[in-house]
Amino acid sequence: MKRDLATMAASEHDLLIVGGGVTGACIARDAAMRGLSVALVDKHDFCHATSAASSKLIHGGLRYLKNFEISLVRESLKERRYWEVIAPHLVHPLPTLLPVYKRKGSPRKLTLRVGLTLYDLLAFDRNRLEDEDKKLPGHRNLSREEALQIEPTLPTKDLDGAILYYDCQMYCPERLCFENIIDATERGAQVANYAKVTGFLVDDAEVRGVQVHDELTGEHHDVRAKVTVNASGPWADRLLDRLPGTGSSTKITRSKGIHIITRAITGKNALAIEHDGGHFFLLPWRGHELIGTTDTVFTGDPDAFAVTESDIAELLQTVNAGYPSARLTRDDVLHFYGGLRPLVESGGDDTYEASRRAEVYDHAETDGVGRLISALGGKWTTSRHLAEQVLEMVAHKLGRALPSCATHVVPLPGGGTGKFSTFADQARSDHPNLAPEIVDELVRNYGSRYERVLAHAKDAPALAEALAPGHNEIAAQVVHAVEQEMAMRLEDVLVRRTGLGTLGHPGEGALQRTAELMGERLGWDATARAEQIASVDRFWTPAAG
């Protein structure tokens with residue numbers, strides 16, 4: 001992958017995508033697989049915002065059944081299986097325990113059983129998989145005693161049993177998104193991070209491309225395309241405001257979601273806890289607990305969004321009230337993150353009840369502006385299918401018959417592992433000189449391509465060493481991120497190309513070593529390295545408030 005905005009601007013593309021989150025990444029992959037010439041730009045790094053701030057779940061959306069969104073649940077469950085197929089190294093089954101409590105005058109247990117029976121029926125094809133380990137059992141009803149045997153820390157007052165059901169978890173959403181980018185580029189797409197769109201190129205009421213400011217060099221470029229897709233997530237309506245005249249009528253609601261990572265609380269099962277009219281999850285992840293999420297309206301500037309101390313305090317209060325045995329304090333919070341969900345259907349002041357459906361807008365119909373499409377809303381799980389819908393509209397605008405979509409059956413670049421557990425066992429056997437934990441980290445992040453990372457250490461054995469004591473990330477991953485994966489800033493490596501900084505501050509030694517490795521390849525002097533290190537402090541220091 002080479003970042004070259006000048007070359008991107010030198011020719012007209014079939015399709016230009018603004019936004020490198022999972023929606024834009026999936027659109028780029030699908031378009032490139034179907035033979036279109038593709039360009040993609042993002043004003044930050046790929047998968048840096050909403051797509052990185054998820055609960056790391058690939059799921060059907062059980063709670064959407066309450067709103068009778070049957071088609072959304074069916075779509076999500078179908079897509080859940082597709083992600084297991086194309087990314088076996090990054091998407092894994094997750095058993096989830098839903099405790100049930102007696103409520104006066106409410107047949108809660110019966111309602112949940114009916115709902116989960118429907119959930120299983122809608123997932124009728126969930127086990128059409130070759131890897132036995134990826135198959136998901138149907139739900140099980142548990143007695144009070146069985147529930148406490150599985151999770152002894154459950155609140156016992158009025159406990160009426162539990163239901164055990166299955167969804168999936170992403171090991172690293174950032175890498176799953178990024179593998180779509182990688183695949184797109186290997187099929188001819190041109191992409192650039194830190195490329196901010198400053199305006200549209202419009203001629204005779206048709207969008208012909210965008211004006212781009214290179215955030216790294218300060219240069220300006222005009223990138224032209226026959227069709228432009230706005231996939232900029234919570235910035236989508238702000239981008240449309242740059243259309244000439246009065247802008248666009250398309251508006252979105254932004255919902256703020258906060259997560260924290262703490263010491264481990266549960267065992268191997270996730271917990272779905274209903275509390276105070278909403279719910280939160282306790283999710284086992286990388287030996288820690290991932291807890292979230294909040295769901296509140298955000299009305300400010302999306303560029304100014306930040307997790308605050310009060311956000312963390314409120315989430316801790318909610319968790320301790322809904323799951324008292326957690327007994328969490330601020331000192332237990334090792335890491336935090338948050339993001340803004342773009343919702344196309346407003347729930348007023350209650351974004352929790354707003355639909356997570358996606359919409360594809362043809363601005364020739366909504367605003368009288370041709371050659372412009374917006375892909376808005378949706379959820380991580382359905383992003384691949386949203387891309388497929390976008391390509392149908394793109395084909396119509398291009399007046400071309402495109403090949404059928406194959407993104408649901410063709411593995412992502414690291415997805416050629418076969419049965420993943422067998423692949424991981426073989427990898428550990430093939431590299432007895434490496435700690436098993438390091439090999440596991442490599443195969444989970446890079447799948448069938450992990451040897452490409454280790455190749456950097458072939459003539460430099462020190463690159464096979466961990467970046468710091470207690471971490472499983474190795475120096476070769478940093479080199480690979482810069483030389484092969486367009487990592488331009490320290491944060492790109494710490495929280496998106498690797499997981500080094502996603503469980504809390506990795507230590508000054510790890511930051512210094514990573515900055516040195518990047519600086520050697522990107523030409524950073526001592527001052528630049530210090531600036532890069534200072535810039536990442538915000539990932540572990542919440543904003544005041």
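This passage describes helices, nonpolar cores, a pocket and selected backbone features of a predicted model.

Helix H10 is taken first. The helix spans residues 383-398 and holds 16 residues. From first C-alpha to last, H10 reaches 22 Å, close to the 22 Å expected at 1.5 Å a residue. Buried positions occur from one end of the helix to the other: Ser-383 and Leu-398 are both buried. Between them, the buried residues include Arg-384, Leu-386, Ala-387, Val-390 and Leu-391. Met-393, Val-394 and Ala-395 are buried as well. An α-helix has 3.6 residues a turn, so residues three or four places apart point the same way. The cover over the buried residues of H10 comes from both helices and strands. Among the helices are H2 (22-33) and H3 (70-86). The strands include E1 (13-18), E10 (220-230), E17 (358-362) and E18 (372-377). Just after H10, Gly-399 adopts a positive phi of about 65°.

H10 also figures in the largest nonpolar core. This core has 51 residues. Ile-27, Trp-83, Leu-176 and Val-394 have the most contacts inside it. H10 gives the most to this core, with eight residues. For Val-394, contacts beyond four places in sequence are made with Leu-15, Leu-36, Val-227, Val-229 and Ile-373. Another core, of 42 residues, lies apart from the largest one. Among the residues of this other core are Phe-420, Ile-474, Val-482 and Val-495.

Val-482 leads to helix H14, where it is one of the buried residues. H14 covers residues 475-484 and is mostly covered, with eight of its 10 residues buried. Ala-475, Ala-476, Gln-477 and Val-478 are buried. Val-479, His-480 and Ala-481 are buried too. What covers the buried residues of H14 includes helices H12 (436-446), H13 (450-454), H15 and H16 (508-522). Met-486 follows H14 and has a positive phi, near 60°.

The second largest pocket was examined next. Rolling a probe the size of a water molecule over the atoms shows where empty space is left. This pocket holds about 850 Å³ of space. Its lining has 35 residues, of which His-48, Phe-305, Gly-338, Arg-538 and Phe-539 are the closest to its centre. Strand E16 (333-343) and helix H15 (490-497) each supply at least two lining residues. The largest share, six residues, comes from E16. By residue class, the lining of the second largest pocket divides into 18 nonpolar, eight polar and nine charged.

Thr-96 gives a view of a buried strand position. The residue sits in strand E4 (residues 91-101). Thr-96 counts as buried because its relative accessibility is 3%, and buried means under 20%. Beyond four places in sequence, Thr-96 touches Ile-163, Leu-164 and Tyr-165, and also Ala-270, Ala-272 and Phe-281. Thr-96 and Tyr-165 are 69 residues apart along the chain, yet their C-alpha atoms are separated by 5.3 Å. Ala-270 also enters a second C-alpha pair, with Pro-403. There the separation is 40 Å, for 133 residues along the chain. Pro-403 lies in the loop between H10 and helix H11 (420-430). Its relative accessible area is 44%, so Pro-403 is partly exposed.

Several loops carry backbone exceptions. Most residues other than glycine have a negative phi, and most peptide bonds are trans. A cis peptide bond joins Gly-292 and Thr-293, with omega about 5°. Thr-293 is in the loop between strands E14 (288-292) and E15 (296-298). Asp-158 is not a glycine but has a positive phi, near 65°. This residue is in the loop between helix H5 (144-150) and strand E6 (159-170). With a relative accessible area of 42%, Asp-158 is partly exposed. Arg-371, also not a glycine, has a positive phi of about 65°. Its loop runs between helix H9 (363-366) and E18. Arg-371 has a relative accessible area of 25% and is therefore partly exposed. E18, which borders this loop, is also among the elements that cover the buried residues of H10.

Technical notes: Residues numbered from 1 in each chain as written. Predicted model: local features only at pLDDT ≥ 70, side-chain atom pairs only at ≥ 80, totals over all residues. Heavy atoms only, no water. Helix = DSSP H or I, 4+ residues; strand = E, 2+ residues; numbered from the N terminus. Expected span 1.5 Å × (residues − 1). Buried < 20%, exposed > 50% of the residue type's maximum accessible area, 1.4 Å probe, protein only. Contact = heavy atoms within 4.5 Å. 1 Å grid on protein atoms, 1.4 Å probe; cavity = no way out; pocket = protein on both sides within 12 Å on 5 of 7 lines; lining within 4 Å. Points joined across faces, edges and corners; volume = space filled by probe spheres on them. Nonpolar A, V, L, I, M, F, W, Y, C, P; charged D, E, K, R; others polar. Core = buried A, V, L, I, M, F, W, Y, C linked by side-chain atoms within 4.5 Å.
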